[in-house]
Protein chains: 2
Amino acid sequence: MNGAECLLRTLLVNDVDLCLMNPGTSEMQFVSALDRVPAMRGVLGLFEGVCSGAADGYARMTGKPASVLLHLGPGLGYALSNLHNAKKARSPVVNIVGEHSTQHLAYDAPLSADIEAFARPVSAWVHTLREAGQMGMSAAAAVEAAWPGNVSTLIVPADYSWSEAGEPGAHRQRPARALPAPDVILQIAEVLRKGGKLSILLNGQAQHERGLRAAHRLRALTGVRIFAARYGARLSRGGNVPAVERIPYFPEPAQALLSELERMILVEAKPPVSFFGYPNLRSTLAPPGCIFDVLAEESQDGTAALEWLCDELGAPRVDVQAAQPGGVPTGSEPLTAAAIGRTVAALAPEGAVFSDEAVSSSEQLWPHLAYARQHDHLPNTGGSIGQGLPVALGAALACPDRKVISFEGDGSAMYTFQALWTMARESLDVTVIIMANRRYRILDVEMTRTGSGPVGNQAERMIDLKNPLLQWVDLARGLGVPATQAATVEEFVAAFAQAMHEPGPKLIEALL
Amino acid sequence: MNGAECLLRTLLVNDVDLCLMNPGTSEMQFVSALDRVPAMRGVLGLFEGVCSGAADGYARMTGKPASVLLHLGPGLGYALSNLHNAKKARSPVVNIVGEHSTQHLAYDAPLSADIEAFARPVSAWVHTLREAGQMGMSAAAAVEAAWPGNVSTLIVPADYSWSEAGEPGAHRQRPARALPAPDVILQIAEVLRKGGKLSILLNGQAQHERGLRAAHRLRALTGVRIFAARYGARLSRGGNVPAVERIPYFPEPAQALLSELERMILVEAKPPVSFFGYPNLRSTLAPPGCIFDVLAEESQDGTAALEWLCDELGAPRVDVQAAQPGGVPTGSEPLTAAAIGRTVAALAPEGAVFSDEAVSSSEQLWPHLAYARQHDHLPNTGGSIGQGLPVALGAALACPDRKVISFEGDGSAMYTFQALWTMARESLDVTVIIMANRRYRILDVEMTRTGSGPVGNQAERMIDLKNPLLQWVDLARGLGVPATQAATVEEFVAAFAQAMHEPGPKLIEALL
């Protein structure tokens, strides 16, 4: 078989069965091979950042990589920002990039570029295929390199995809994540037994339901506080999932929240730092002198480590009372992010997935979403805006039976808006809520915080989004997604309730 | 003054007075400084690729750099694709990228990334500012590094923009481009005197009006053929500008066109190569054995070299008969790219600027546009799709008195569609024509050419854009641009005629 078919079959053998693509000439053999390898699902994105972000969302929900297929260096360029975000989420992604055929590499053609250099800042593994016969082995190695939570990039010259490549690469055994050494468990058990102002900081897979339940048993036994890293890939929440404290965005409230801590037990987490550095503020969030105990490194199995710790301490299983959603807000109150949060909490079904890129509205949404039925919360992990819609798309591809709700700012939604088209094409069950404040609102705050002074007339034109108004209903319809505008709480509740009862993509523009 | 103001003032002193930006927290001081440095025009883009592509378009029309202001590594990531295109266009661009404040660099914050590594593949010059006091000198160096036709990237930690930075950097003298040595002129004059199957290949600024007129004098005297490099940044055309032959996209017709040549005189050009490599085809386009004579290197002044050659040979000035536009097509014929080309040729005003990213429709447009009044033709230079709309935006910022016409495929327009919003915000005189064939049509051709076989059912879903239909009128309105759909020649002619008579942005979706 040719190289393209060999690559797709090797991916399949290694349980990678989704390929998000924006192909060009050098990738035509892969497109053609889809018809000979029907178990590989090809999904088209109209922009590369949609593909890379969707692979991130898919990995967060399945724990396994999707593949991305991109067109040479510049195609990879457009995908980099969401690959950066995927790297920060520790999402496994197998990134396939087509290259000119080898006889063409000697020339400075328009698309010639140093693809490896494009790939390196976001990839833990980069390899350019050196002969067609190595396709199977290299594709398997790419999957293996992605498993620990990495972007792996395999660059494939076009002639190696159209040449004979032999048999697909072998199935590789995905290794279980390591446990910490027993003495680590014993030492931290001792810390918890001694007591004091103790905390656990969860990140990675330890933020999923099982990890939260184990941490909660420790809390019930010892009174240790439990924090969730703010930029963790996926946090289980709502229903009877034990509630945890999230570290705030700005350093002052974060430092205040953590100010009394003597020790922090890190579970797949690193000591917390602020998002940005500011004049005359330290970037670390735990108080000076706080001792960090590493229960599990980022690459280790923090959930199993927590359960082991429970066993060591004899922490009993505990029932958790399910949070009770309140009613929906009534028509007499203004349409705010808080009102939207309460509506979603009341109406989102069990098992929903929330993709949260609401930026300045996110802090107001957050407390209300705690009262929703059990769900997964997927934040922006790497700070690069444009992650939210593609992550929602990827989550919907991963979980066709779950409702996906995508919270977006009107500023943030513009970066990778093309994701809506793929949601429509694939009939995905995503409800997009545009929190339309018609500004880069977060920048108003940051202007002050960075000491940049009041917003003058010229500065205003870099922050304001009112001239012209973004018409979200038109934009969504233009991409095939039914949309409605809500100017009041009543309109929002009605639109959201309808979206929860109908499958398929919807967009609601909420005028804040 | 603080570092941000120092940087803006240094840019101004060096004749850089436009800043295309998509700022974030680390760039707030620059946004704030716009109010203290009103001669610097700030223009907001809703996506970074819009800013970098607009800087390219601006440079092509003015010959001088604009600045781009981006937010950390991932913000730069989204700009890379059009910076690749700008690099291939040899457009000078001063690329300013904000970085975390230095005290924050020790931490692995969400947005932390190796910005220099992101920048290097597209930049001839990369520098991270090491202290605030070097801002003026470094900003001036960045402009100087851009002048020869480069992307120069200056990375500015946030604290250096809010700290005292001293006086702006000095004005630097932009050097004139070098002439070739006299013996080069004499040798090539001798080649032309001896005759044979000779040609001149123009690229760079030698494709502007003056270069074309000089080349034409040589043609009138010696019969030498004149070719334009296909991916040159800007070609003067139409009216009484001497017509030249453009090298076709696919290698077979290109090789056929050039097959009889014995020598090619390169003027700011390199030996021509095909866009992609294909099975069993060579990538070079001139016939084997063709001798290349370098009249001017890419960095040299090819126009002056051509004029010197004219003087050396005593080539007289020649009048050129202006091309006569035909009438507009009539209602009885189908709406095709050719009919659109004839309409534009008939109705586009003197001095129009054409941004051409029509991809599969471009070959059909091309011969008809020759009959338009004098205009500049700006093609995609680096092969990365998503260049056309931002280049049109930048050209309109550069030339507010000229009509800009942007030819886009419906596939290609989706990559950086956000450019429309900035066109509306800045009331720019751009008419966008979407050549809506509802496919990645070029890929149909490339499937066959790369030996990938017929388009199967799965492959079809990676090429077809009909499900759902992109509704361009809705999309444009969503971004504040008036739009209309033309299904017939009559509708297109009416819509285009109206657009030519009204200032401001318009979009016409032409159903092919």
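Two strands pair if DSSP finds at least two bridges between them. That rule is needed for the strands of chain A described below. The model is predicted.

Start with strand β13 of chain A, residues 352-357. Two strands pair with it. One is β15(A), residues 404-409, which joins β13(A) in the parallel sense over five bridges. Within this pairing, Phe354(A) has Ile405(A) of β15(A) as its bridge partner. The other is β14(A), residues 375-379, and this pairing is also parallel, with five bridges. Here Ser355(A) stands opposite Leu378(A) of β14(A). The link between β13(A) and β14(A) involves a helix. Together with α13(A), residues 362-369, the two strands make a right-handed β-α-β unit.

How much of β13(A) is buried? Six of its six residues are, and the strand counts as mostly covered. Side chains in a regular strand alternate between the two faces of the sheet. Both faces of β13(A) are covered. One side carries Ala352(A), Phe354(A) and Asp356(A), and the other carries Val353(A), Ser355(A) and Glu357(A). Each of these residues is buried, the acidic Asp356(A) and Glu357(A) included.

Now move to β15(A). Its six residues are all buried, so the strand is largely enclosed by the rest of the structure. Val404(A), Ser406(A) and Glu408(A) lie on one side of β15(A). Ile405(A), Phe407(A) and Gly409(A) lie on the other. Both faces of the strand are covered.

From β15(A), the next step is β16(A), residues 430-436. Six bridges join these two strands, which run parallel. Ser406(A) stands opposite Val432(A) in β16(A). A helix belongs to this step as well: β15(A), α15(A) and β16(A) form a right-handed β-α-β unit, with α15(A) spanning residues 419-425.

Next, the domains. Chain A is assigned domain 1 (3-162), domain 2 (182-313) and domain 3 (337-511). Taken over C-alpha atoms, the centres of domain 1 and domain 3 of chain A are 29 Å apart. The two domains touch: 24 residues of domain 1 are in contact with 24 residues of domain 3 in chain A. On the domain 1 side, β2 (41-44), α3 (48-62) and α4 (72-89) of chain A each supply at least two residues. The largest share comes from α3(A), with 11 residues. What is the chemical make-up of this side of domain 1? Its residues divide into 11 nonpolar, nine polar and four charged.

Chain A also meets chain B. In this interface, 83 residues of chain B are in contact with 83 residues of chain A. Helix α4(B), residues 72-89, gives the most to the chain B side, with eight residues. That side of chain B divides into 41 nonpolar, 31 polar and 11 charged residues.

How are the two chains related? A turn of 180° and a shift of 0.0 Å along the axis lay chain B on chain A with an RMSD of 0.0 Å. That is the relation of a two-fold axis. The contact surfaces agree with one another: 100% of the interface residues of chain B are also interface residues in chain A, so the copies meet through the same surface.

Two places in chain B complete the tour. The first is helix α14(B), residues 388-398, which is mostly covered. Of its 11 residues, 11 are buried. Among them are Gly388(B), Leu389(B), Pro390(B), Val391(B) and Leu397(B).

The second is Leu507(B), found in strand β18(B), residues 506-511. Is Leu507(B) buried or exposed? A residue is buried if 20 or more other C-beta atoms lie within 10 Å of its own. Leu507(B) has 27 within 10 Å, so it is buried. Leaving aside residues up to four places away in sequence, Leu507(B) touches Leu420(B), Val432(B), Ile434(B), Trp472(B), Ala476(B), Val481(B) and Ala483(B). Leu507(B) and Leu335(B) are 172 residues apart in sequence, and their C-alpha atoms are 16 Å apart in space.

Definitions and conventions. Residues numbered from 1 in each chain as written. Chains lettered and ligands numbered in written order. Predicted model: local features only at pLDDT ≥ 70, side-chain atom pairs only at ≥ 80, totals over all residues. Domains from an automatic or database assignment. Contact = placed C-beta atoms within 7 Å. Helix = DSSP H or I, 4+ residues; strand = E, 2+ residues; numbered from the N terminus. Nonpolar A, V, L, I, M, F, W, Y, C, P; charged D, E, K, R; others polar. Buried ≥ 20, exposed ≤ 12 C-beta atoms within 10 Å, placed from the backbone. Right-handed = clockwise from strand over helix to strand, strands pointing away. Least-squares fit on C-alpha atoms with pLDDT ≥ 70 in both.
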